[in-house]
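Morning, everyone. I have one structure to walk through today. Here it is.

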Amino acid sequence: MKSYRTIVHIMALSLFGALAGAAPAKAFCLVNCEPKPDDAKKVFENLIKKKFDKDAVIEDFKVTRFWPLDVEGAGHAGYEFYYTAKVRFPNGANLECKPEGGAVKPGCSDNTSYYSTTIQNQMIKDKQYIEPGKVVEFKDETRFDEEGSKWKGQDGNFY
């Protein structure tokens, strides 16, 4: 009787192992598999340092709302975060765009009231000058797209 139970246990474990190897990794993630607010903050920080200044300091970051997305037609899931943030620019940003005599330099924006890193329909494409020491408030959003068992942020990194 003992050997029969042993054989049944071995067969059950073998079957479980075979199924586990064939299933996608995300199938075993039952809790806390989605991107987190800390991931959204990291994406924001990476984009701030790339678009504005590598020495920028995030003084405050608060996720205001978030939810999963069903990206219809794309065949994958998404996750979206809305947030507010305050960023200090000790060295300023895009100093080459400092206005001189009221004239805006080519490739620079005259907009000093709205800043964004990810909202594509409101993105300011040209460089924005930020004076040294200024604190800028961001009301922004970021999205993650599921690729395999990972989530790709708008900074191009996986989380």
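**The disulfide, the sheet and the core**

Start with C97, which is buried, at a relative accessible area of 5%. Keep in mind that this is a predicted model.

C97 has a partner. A disulfide joins C97 to C108, with 2.0 Å from S to S. The link is left-handed, at -70 degrees about the S-S bond. C97 sits in the loop between β2 and β3 (108-109), and C108 is in strand β3. They are eleven residues apart, so the pair links distant parts of the chain. C108 is buried too, since its relative accessible area is 10% and the cut-off is under 20%. How many disulfides does the count give? One disulfide.

Next, the sheet. Four strands form it, and it is open. The order is β1-β2-β5-β6, with antiparallel pairing. Which strands are at the edges? β1 and β6 (150-152), each of which pairs on one side only. On average, neighbouring strands are turned by 25 degrees against each other, ignoring direction.

Look at the β6 end. β5 and β6 pair in the antiparallel sense over three bridges. There, E147 stands opposite K150 in β6. Now bring in the helix. α2 packs on the sheet and touches β1, β2 and β5. The direction of α2 makes about 115 degrees with that of β1.

That takes us to the core. The largest nonpolar core has 22 residues. Which members touch the most others? F44, I48, F52, V87, F89 and F138. Four elements give two or more residues each: α2 (37-51), β1 (57-71), β2 (76-89) and β5 (134-147). β2 supplies the largest share, six residues.

Take F89 from that list. Leaving out residues up to four places away in sequence, F89 touches I48, F52, D53, A56, I130, E131, P132, G133, K134, V136 and F138. So two other names from the top of the core list, I48 and F52, are among the contacts of F89, as is F138.

Now the aromatics. A search of the whole structure finds 15 aromatic pairs. I'll show two. In the one formed by F44 and F138, the geometry is edge-to-face. The centres are 5.2 Å apart, and the planes make 75 degrees. F44 is in helix α2 and F138 is in strand β5. That is 94 residues apart, so this pair links distant parts of the chain. Are these two rings buried or exposed? F44 is buried, at 1% relative accessible area. F138 is buried as well, at 0%.

The second pair is Y79 and W151, also edge-to-face. Here it is 6.1 Å from centre to centre, with 75 degrees between the planes. Y79 lies in strand β2 and W151 in strand β6, so the pair ties together parts 72 residues apart in sequence. Both count as buried: Y79 has a relative accessible area of 8%, and W151 has 9% relative accessibility.

One last item. Ring pairs link F44, F52, F61, Y83, F89, Y115 and F138 into a cluster. F44, F52, F89 and F138 are also on the list of core residues that touch the most other members.

Key
Residues are numbered from 1 along each chain as its sequence is written. This is a predicted model: local features need pLDDT of at least 70, side-chain atom pairs count only at pLDDT 80 or more; totals for chains, interfaces and linings use all residues. Side-chain values use heavy atoms; hydrogens and water are left out. A nonpolar core is a set of buried Ala, Val, Leu, Ile, Met, Phe, Trp, Tyr and Cys residues joined through side-chain atoms within 4.5 Å. Buried means under 20% relative accessible area, exposed over 50%, partly exposed in between (1.4 Å probe, protein chains only). Contact means heavy atoms within 4.5 Å. A disulfide is a pair of cysteine sulfur atoms within 2.5 Å. Two strands pair if DSSP finds at least two bridges between them. Axes are lines fitted to C-alpha atoms, for helices over the stretch in contact, and angles run from 0 to 180 degrees between N-to-C directions. Rings of Phe, Tyr and Trp (its six-membered ring) pair if their centres lie within 6.5 Å; planes under 30 degrees apart count as stacked, over 60 as edge-to-face and the rest as tilted.
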